[in-house]
Structures are given as C-alpha cells and as structure tokens.
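Visitor: I'm new to this one, so could you walk me through it?
Guide: Happy to; have a look first, then ask away.

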Amino acid sequence: MSSKPSLRLQVPKKGTGGAGGAPSTRSGPGIEVLFQRAHEKLSRFKAHLIVLSGKGGVGKTFIATSLALYLAKKGLRVGLFDADETGAAVPFVLGERNAEVLVVEKTKELLPLESRYGIKFMSIEPFLPEGETPLLWEGALRTRFIVDTLSNTRWGDLDVMVYDLPPGTGDEVITIAQVIPPPRFAIIVSSPGQIAESVVRKAIVFAQKMQLPIMGLVENMSYVDCNGEKVEVLGKSTADKLAKEYDIEVLARIPLDPAIRRAHDEGRPIYEVAPGSEIDYTLAELAERVYGLLRVMRIL
Ligand SMILES: Nc1ncnc2c1ncn2[C@@H]1O[C@H](COP(=O)(O)OP(=O)(O)OP(=O)(O)O)[C@@H](O)[C@H]1O
Ligand SMILES: [Mg+2]
C-alpha cells in the first residue's frame, strides 16, 4: 500500500547528499493551489496552536512537544508539525530520529510519522541527507515544503495541531501565519532577561500584525525550584510585565531543570523521565490551562 516518498518537491532522499542543490520550485501545482489545499485540509482540525517566540533557544521545541505530549496524554488526538527546516528537532525530542515517511502509492499522499506516545507528526528531517549537510533553500522552497507537506499528509481527524516554529519571523513563520486557518492561537515562549524580552516583544507584535490571536505567554527557564523556593537564576521574570503591557495571559512559568535535557537526549516525555516533579506539574498545568481555554471557547 505504501512506499518510500518521492515528493513533488524533489526533496533529496536520506543519504543521497545534496541538500545544497536547490530543488525546483516550478514542479507540481502553483503555490496558490497548494495554499488553498492546505487551508482546506487544516480546516478539518478543531484547533491550531502555534508556538513562537522570535528568540532562539528559549525552549519553543520543548514547549511545543511537551504541549503535544501532555494533550495527547489527556486523550486528545494531537498532531505536531515541525516548521523549523534549518534546525528540525521534533523527531529527536520525540525519540523518533530514524522515522521514515511513507507515501501511499495510489494517491501519493504522505503518511504522518507516529510517535510511540500517541502523536502524529511531520518534519523535514526524514527527507534530508544524513550527516551535517546544511539546508540551503531560499524562501520560496521553504514555503513550498511547509504548504505541500501540510496539505499532502494524510493526517486523519485531529483535535489539536501544534506547530513548532523556528526563531525569528522569517519565511517559515510567515508561511505558517498565512496558511493556518482559524481557530488558531499563538503561544508565545519567553525567558527571563532583557534581550529575550525585546525579541519576544517583536514576536507579540508580529502575531498582532498577522491577526493571529495570542492564547498566552509561557515563560520558560523562569526559575529554579530550590526545595519549593523559586530562585530566578536567569534574571527577573518579565512574564507579568509583558502580559500586562500587551493584555495577554501568562499560561505558565516553567522552571529550569536538567531533567529536560535528559528527556530530550533520551527522546522521552517529562512525565516519564521525571514524574511528579515540579516540571511535570507545571507542564500538566499548562496543558490543562490550554485545554480549559479551548473548552471555554467551545472549540473542544
Ligand atoms: N526549562 C528548561 N530547563 C532546562 N533546559 C531546557 C529548558 N527548556 C529547554 N531546555 C534545553 O534548552 C535547549 C534549547 O531548547 P529548545 O530546543 O526547545 O529551544 P528552541 O527555542 O526550540 O531553540 P531553537 O530556537 O534553536 O529552535 C535544549 O537543549 C533543551 O533541552
Ligand atoms: Mg526549536
């Protein structure tokens, strides 16, 4: 029924080398058609959660995957789309770094990757050559990969689709902001410190300009839990200040915890690596909060 993929995009197959050779943007349908298709396909999902920050390394991937994992643990049908083409990390964080995408021969649809923790996901990673070959695609190809993959994947019915975005407000981020239909919400990830604050401000304004409703702010690496006392080792929390200024909610403050690196290295969720810990508790609360807000809005 299915075989290895041969994308219309001519994305190089794993191990063939040549991510530097830009694939043709002219093959396949026009980008407007792909946008329309993606929009229609994604409209079947109940909600879209777009995790963005502007700032690199604040924990977007950690928050996006954790949110997906904890929502799935609650029994929701969850998808996770890795929109970071240069720094794709979702397959690693989910412990599925060797996952292979299959294509349905008859329809040429892609089958989503499946996490052992009950999430359907997609990433550019399985299409790339192994090793350190960097992705040298310019904007149109980055856009095309996202829109093509979103529209051409047989996702099935999903309650929530979570999107992990790269830092900045470049092509991938703009594409996601344009193609994702309502009901869609941005979850802004910040961390303490003035530099993070100024970059996160830009992400908030970006969301506003793109008419992307902001569900709230998650401050990651917010404090270290020292026997119940919250010690702000990276600097004073800016979450309340930002929330007040832009009239958004603080959804969660997540502690700095080495268990997270361990969970990422092992490709396992926090609820397995550090059950009952402060970090487990705050992530479960975050998922509960997001779920509650979607329920209140009668989306779920
Ligand atoms: N609260 C935390 N405590 C400790 N380590 C963390 C925490 N959050 C994330 N990390 C670690 O920090 C690193 C960066 O996290 P992550 O990859 O999620 O950030 P990102 O914002 O997605 O980065 P990028 O901008 O490169 O996509 C990872 O090694 C991750 O394990
Ligand atoms: Mg990331």
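Visitor: Which residues does Ile50 touch, leaving out those up to four places away in sequence?
Guide: Keep in mind that this is a predicted model. Ile50 touches Tyr163, Leu165, Ile176, Ile180, Arg184, Phe185, Ala186, Ile187 and Leu212. Ile50 also belongs to the residues with the most contacts inside the largest nonpolar core, along with Leu49, Val51, Leu67, Val162 and Ile187.

Visitor: How many residues does that largest nonpolar core have?
Guide: The count is 90 residues. Helix α2 gives the largest share of this core, nine residues.

Visitor: What makes Gln211 count as exposed?
Guide: The cut-off for exposed is 12 or fewer other C-beta atoms within 10 Å. Gln211 has 9 C-beta neighbours inside 10 Å, so Gln211 counts as exposed. You'll find Gln211 in the loop between α6 (194-209) and β10 (214-219).

Visitor: And why is Asn227 called exposed?
Guide: Try the cut-off of 12 or fewer again. Asn227 has 5 other C-beta atoms within 10 Å, and therefore Asn227 is exposed. Asn227 sits in the loop between β11 (224-226) and β12 (229-231).

Visitor: What is the phi of Gln211, and what is the phi of Asn227?
Guide: Most residues other than glycine have a negative phi. Gln211 isn't a glycine, yet has a positive phi of about 55 degrees. Asn227, also a residue other than glycine, has a positive phi near 50 degrees.

Visitor: What kind of peptide bond joins Pro182 and Pro183, cis or trans?
Guide: Most peptide bonds are trans. The bond joining Pro182 and Pro183 is cis, with omega about -5 degrees. Pro183 belongs to the loop between α5 (171-179) and β9 (184-190).

Visitor: Which residues of β3 are on one side, and which are on the other?
Guide: In a regular strand the side chains alternate between the two faces of the sheet. In β3, Val78, Leu80 and Asp82 are on one side and Gly79 and Phe81 on the other, and all are buried. That is five of five residues in the strand, which spans residues 78-82.

Visitor: How do you know that β3 pairs with β7?
Guide: Pairing needs at least two bridges. β3 and β7 (residues 119-122) have four bridges, in the parallel sense, so by that cut-off they pair. One example is Val78, whose bridge partner in β7 is Ile119. With β8 (residues 160-164), β3 shares five bridges, again parallel, and Leu80 has Val162 as its bridge partner there.

Visitor: What makes β6 and β13 the edges of the sheet?
Guide: The eight strands form an open sheet in the order β6-β7-β3-β8-β2-β9-β10-β13, with mixed pairing. β6 (113-114) and β13 (250-253) each have a single partner strand, so one side of each is left without a neighbour in the sheet. β10 and β13 pair over three bridges in the parallel sense, and Glu219 has Arg253 as its bridge partner in β13.

Visitor: Which strands does α2 touch as it packs on the sheet?
Guide: α2 touches β2 (47-52), β3, β7, β8, β9 and β10, and its direction makes about 165 degrees with that of β8. Helix α6 lies across β2, β9 and β10, at about 170 degrees to β9.

Visitor: Which residues are the closest to ligand 1?
Guide: Gly56, Gly59, Lys60, Thr61 and Phe62 are the closest of the 20 residues surrounding ligand 1. Elements giving two or more residues to this shell are α2 (60-73) and α8 (258-266). By class, the shell has nine nonpolar, seven polar and four charged residues.

Definitions and conventions: Residues numbered from 1 in each chain as written. Chains lettered and ligands numbered in written order. Predicted model: local features only at pLDDT ≥ 70, side-chain atom pairs only at ≥ 80, totals over all residues. Near = placed C-beta within 6 Å. Nonpolar A, V, L, I, M, F, W, Y, C, P; charged D, E, K, R; others polar. Buried ≥ 20, exposed ≤ 12 C-beta atoms within 10 Å, placed from the backbone. Core = buried A, V, L, I, M, F, W, Y, C linked by C-beta atoms within 7 Å. Contact = placed C-beta atoms within 7 Å. Axes fitted to C-alpha atoms, helices over the stretch in contact; angles between N-to-C directions.
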